[in-house]
Every structure is written in C-alpha cells, then in structure tokens.
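Reader: Hi, I have a structure open in front of me and I would like to talk it through slowly. Could you help me with a few questions?

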Amino acid sequence: METNSKISKKTSQTILKLQQNEITEHAIYMNLAKRVKKQGDREMLQRIGREEGMHSKLWSKYTKRELKPQKLKVTIYSLLSIILGYTFVIKLMEKGEVVSQNSYALLAKEVPEAHKIYLDEQKHEEALINMLDEDRLQYVGSMVLGLNDALVELTGTLAGLSFALQNNKLVALSGLITGISATLSMASSEYLSARSEGNADAKKSALYTGVMYIVAVILLVLPYLIFPNSKYIHALVTMLIIVVLIILSFTYYISVAKDLPFKKRFLEMATISLSVAGLSFIVGILVKKFLGIDI
C-alpha cells in the first residue's frame, strides 16, 4: 500500500502518537480479556484489541517504525482493572482518547484512512457501552449506601469524641466499637431490604455494603491509632483529610464507571460529611462543658 510521502511534520507526529496509543491499547484490551469471565464480554474485548493492533500496523506504514506497548501504562491499567474492575478501566481509556474528532478530520485531509479508523473507534465506544455489565457495578447502590453512612456517622462520632475524650486511644476504641456494630447493623439491614424487594443476590448486596462500611471505619480510625494520645487535634484534622480523599476517590470512580457528574456529587457528599463533623465537634465541647466530665 502506498502512503503519502508529503504529509506535514505535525501530521507525522500525530500519527506516531496514534500508533503508540493503538499498540498500547491493543495490549491492554488483550490483558483485560484474560480476566473477564463472561464469554461475550471477553470475545468483544479480544475483537476490539485485534482491531487496535490493525490500526497500529496501518499507522506504521506512515511512520516506518515498529513500536512496542508502553509497559508501565499496560501494568497500571491491569492493576486498576483488578482493583476497580474492567468497566472503570475501559471508560477511563475512552475518556483519554489522544485525538479528538476535529483532529481526525484534519488528519483525514492528508491521510484518507484516518476517517475509517475514527469510525472504528466510535463503534468501539458504542459496543463497549452496550456490553458492560460488570458484577460489581450492579451493586453500586449498596456500595454508596455503605460508604455514605459510614462517612457521615463515623465522621460525626469521631469528631464529637475527639474533644469530649481528648484521648486518641479512647476515641479509637469507641470508634471501632461503634463502627463494627454499625457495619453489622447496616449489612443486615441491607440484606433484609434486598430480600423484601425480591433480590436473589441479597447476600451480595449486604456484603458490598458491609465491606465499604468497614473499610471506611478502618481508614477513619487509623489516625487516632497513629498519633500520640494527647494529639487529638492532629488526629481529627488527619481524619477529615482522609474523609475528603475517600469522597474524592470514590466519587471519581463512580463518575467514570457510571457516566455521572463528578463535581456536584463530590461537593454534596463532602459538605454533608464535614458539616456533620463540625456540628458533632461542637456537641462534644458542649457535653464536656455542661456535664463537667473530665477524662
């Protein structure tokens, strides 16, 4: 196949960038396919991976270079797929397309094949959106329930106890007892709720709720176990920073995996959790003052 030797330097650089991206995504899709249990999803990922490889070969006719996948990127996406699921990784890849529709249109003026490849990429996105039915994303509601409740309840409890007790070990002990009890309560409530709605996977719903809750409990109590007993303000500030980071990370995950708005959900959840913490801290001060308790 003959290629246009008069393409501009800028176009050559764009093609090289595309070639690198295509061969890397080929490796990522093939890796993901190995871990996907559903046969239909696995075959779809393998097909798209093969097409990405074909696109890379097409671009190589222009660059006259054979590129290898970026190992670090492949490794990172593989780890993310294990931790966060293949749905998150695929949608993250789709959001990170290196060349926009306008760029493809400009590229097509010098490279006719660019238009066909762009159409293939669009088909990929539509096919992926239609095929994605990952198990864990069916329980996002349970995950959100567990995390939201844990953050609001534990943030308030720990903030209130921080001033009332002024002893990190006592705050940690109280937080763990409260958190573990609340985890069992939330998980059992979610199980009964799911069963009453006729959900055949009520146990999984309860499991996801409980896991998210207990993870939040551990992360929020951790500063009180790390800092010395008298440094309760340090532990409180660190705990609040962890709360914001958890909300930031989880909201970003949900926004990517479920195509939901990020900013509004993050601000809403962060405002609620921090407001409850502030009010609870004030309550802790008032309780200690009016009851005259000195521990």
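Reader: Let me start with a single residue: is Gln166 buried, partly exposed or exposed?

Author: This is a predicted model, and in it Gln166 is partly exposed, because its relative accessible area is 30%, which lies between the 20% under which a residue counts as buried and the 50% over which it counts as exposed.

Reader: Okay, and where is Gln166 placed?

Author: Gln166 sits in the loop between α7, which covers residues 140-165, and α8, which covers residues 168-196. Its phi is near 55°, a positive value in a residue that is not a glycine.

Reader: Which residue has a positive phi of about 60° although it is not a glycine?

Author: That is Lys64, and its place is in the loop between α2 and α3, the latter being residues 71-84. Lys64 counts as exposed because its relative accessible area is 65%, and the cut-off for exposed is over 50%.

Reader: Let me zoom out for a moment. How many helices and how many strands are there in the chain?

Author: The chain has eleven helices and zero strands, so if you read the elements from the N terminus on, you meet α-α-α-α-α-α-α-α-α-α-α.

Reader: And what share of the residues counts as buried?

Author: Of the 295 residues of the chain, 42% count as buried. As for how the chain meets itself, take the contacts with a separation of 6 or more: 77% of these are between residues 24 or more positions apart.

Reader: Now the helices themselves, please. At what angle do α1 and α2 cross?

Author: They cross at roughly 155°, and their axes come within 8 Å. An angle over 145 degrees counts as roughly antiparallel, and α1 and α2 are therefore roughly antiparallel to each other. The crossing in which α1 passes α2 is left-handed, and the residues of this contact comprise twelve nonpolar, nine polar and five charged ones.

Reader: What about α1 and α3, how are they packed?

Author: The angle between α1 and α3 is about 30°, and their axes are 10 Å apart. Because angles under 35 degrees count as roughly parallel, α1 and α3 are described as roughly parallel to each other. Their crossing is right-handed.

Reader: Which residues make that contact?

Author: From α1 the contact uses Asn21, Thr24, Ala27, Ile28, Asn31, Leu32 and Arg35, while α3 brings Lys73, Val74, Tyr77, Ser78, Ser81 and Ile82. By class, the contact of α1 with α3 has six nonpolar, five polar and two charged residues.

Reader: And what is the angle between α4 and α10?

Author: Helix α4, residues 86-95, packs against helix α10, residues 232-257, at an angle of about 75°, with the axes 8 Å apart. That makes α4 roughly perpendicular to α10, since the range for that word runs from 65 to 115 degrees. On the α4 side the contact is made by Thr87, Phe88, Lys91, Leu92 and Lys95, and on the α10 side by Tyr252, Tyr253, Val256 and Ala257. These residues divide into six nonpolar, one polar and two charged.

Reader: While we are at α10, what does Val244 touch once its neighbours within four places in sequence are left aside?

Author: Val244, which lies in helix α10, is then in contact with Phe266 and Leu274. The C-alpha atoms of Val244 and Phe266 are separated by 8.9 Å, although the two are 22 residues apart along the chain. Val244 counts as partly exposed because its relative accessible area is 27%.

Reader: Changing topic to charges: how many salt bridges does the count come to?

Author: The count comes to one salt bridge. Arg47 forms it with Glu51, and the closest N and O atoms are 3.0 Å apart, within the 4 Å that the definition of a salt bridge asks for.

Reader: Why are Arg47 and Glu51 separated by about one helical turn?

Author: Because they are four residues apart in helix α2, which covers residues 39-63. In general, side chains of opposite charge can pair when their charged atoms come close.

Reader: Last one: is Arg47 buried, partly exposed or exposed?

Author: Arg47 counts as partly exposed, because its relative accessibility is 35%.

Notes
Residues numbered from 1 in each chain as written. Predicted model: local features only at pLDDT ≥ 70, side-chain atom pairs only at ≥ 80, totals over all residues. Heavy atoms only, no water. Salt bridge = Lys/Arg side-chain N within 4 Å of Asp/Glu carboxyl O. Helix = DSSP H or I, 4+ residues; strand = E, 2+ residues; numbered from the N terminus. Buried < 20%, exposed > 50% of the residue type's maximum accessible area, 1.4 Å probe, protein only. Axes fitted to C-alpha atoms, helices over the stretch in contact; angles between N-to-C directions. Left-handed = near helix turned anticlockwise from the far one by under 90°. Contact = heavy atoms within 4.5 Å. Nonpolar A, V, L, I, M, F, W, Y, C, P; charged D, E, K, R; others polar.
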